[in-house]
Amino acid sequence: MPDPYLVFEVQEEWLLDEPEEEMGSKKKFWYRREPDGVEWLFKFPRPDTGEHWAEKIAAEVAGLLGIPHARVELAQFGDDRGSVSESFTPRGYELVHGNQLLRWASSGYDPDKTFGQREHTLENVFGVVDRLFMTDEARIRRKRQIAEYLVLDALIGNTDRHHENWGVVRRRKEDQWRGGIAPSFDHASSLGRELRDERRRILLEESEVGRYVERGRGAVFWSGDERKGPSPLELVRRAILVYDDLFRPALDRLKDVDLSRMNRLIDRVPEGWMSLSGHEFAVAMVGYNVEQLRVL
């Protein structure tokens, strides 16, 4: 067995504010541990979910594939288990979320409609990039970065890439804004984290993991005419037909990674943090997604 992930012990005196709801319905709080002064966000998983281990595994998978991502660790706050995410916004910079960018770039876009926002399409996201960056080289590089995030979503089954779960990190320099696409963050809605063990066992025994994956509904729409967004896997299937030059690098990189290395990332979740069926389901889910993505 590989060495288990470390678990951060968060002390109450480090808190910068009281736990509260922000950017979603999950309870969380910021803290800072001296003397390094780095700020971290502690997230409580929703009851009876594996959102904490899903966050950690997703970040490790992103790292394996060389995809920019927020650093995530497992953590304990008193009797509560959760995950912590290191701030990726340097001093003097700000994070501008996708909903704010789309409101600026697309006339009539509703930035407050998180669920079922049909205008949150891949075409519109790429349109934001075209308006933000000045050169063709910069636009292509940033679009490929977003494509990497969507391939990651397809690999781990992340259905929550809504318009507040991507953005731009920027700062003002003289009379211009400077910055880039923010690292990928907030991957808790992955790897079947919401399923109960009994349901996982049924899906595994009946070889229905693929069906579960395909029925997932992502938060990036292909067309504003669709009632629901496609699964993260289906989104990449469609995207590669139109944006091959943008998605191909991430898909080619995936082909070079041994599946056993990804499975070891799941194996490293400490004992007692993840049920056996949760582990088996995550392994099966990643295996199915890798198989599907490698034929594109």
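About 14,800 Å² of the protein is exposed in this predicted model, and carbon and sulfur atoms account for 44% of that area. As for what is tucked away, buried residues come to 49% of the 296 in the protein. On the charge side, there are 45 positive and 54 negative charges, and the mean positions of the two sets sit 4 Å apart.

Turning to the overall fold, the protein is built from 10 helices and nine strands. Its radius of gyration works out at 19 Å, close to the 19 Å that the globule rule gives for 296 residues, so the protein is as compact as a globular protein of that length. Laid along the principal axes, the C-alpha trace spans about 50 × 50 × 35 Å. The contact pattern can be read by sequence separation too: take the contacts between residues at least 6 apart in sequence, and 66% of them join residues at least 24 apart.

Zooming in on a single site, Ser277 belongs to helix α10, which runs over residues 276-293. Ser277 has a relative accessibility of 6%, and because the cut-off for buried is under 20%, this serine counts as buried. Leaving out residues up to four places away in sequence, Ser277 touches Asp197, Arg200, Arg201 and Leu204. With Asp197 there is also a polar contact, side chain to side chain, at 2.6 Å. Put together, the picture at this spot is of a buried serine in helix α10, with its side chain in polar contact with that of Asp197.

Definitions and conventions
Residues numbered from 1 in each chain as written. Predicted model: local features only at pLDDT ≥ 70, side-chain atom pairs only at ≥ 80, totals over all residues. Heavy atoms only, no water. Helix = DSSP H or I, 4+ residues; strand = E, 2+ residues; numbered from the N terminus. Rg over C-alpha atoms; globule rule 2.2 N^0.38 Å. Buried < 20%, exposed > 50% of the residue type's maximum accessible area, 1.4 Å probe, protein only. Contact = heavy atoms within 4.5 Å. Areas by Shrake-Rupley, 256 points an atom, 1.4 Å probe, with all protein chains shown as cover. Lys, Arg positive; Asp, Glu negative; His and termini not counted. Charge placed at Lys NZ, Arg CZ, Asp CG, Glu CD. Polar contact = N/O pair within 3.5 Å; in protein donor to acceptor, adjacent residues only side chain to side chain.
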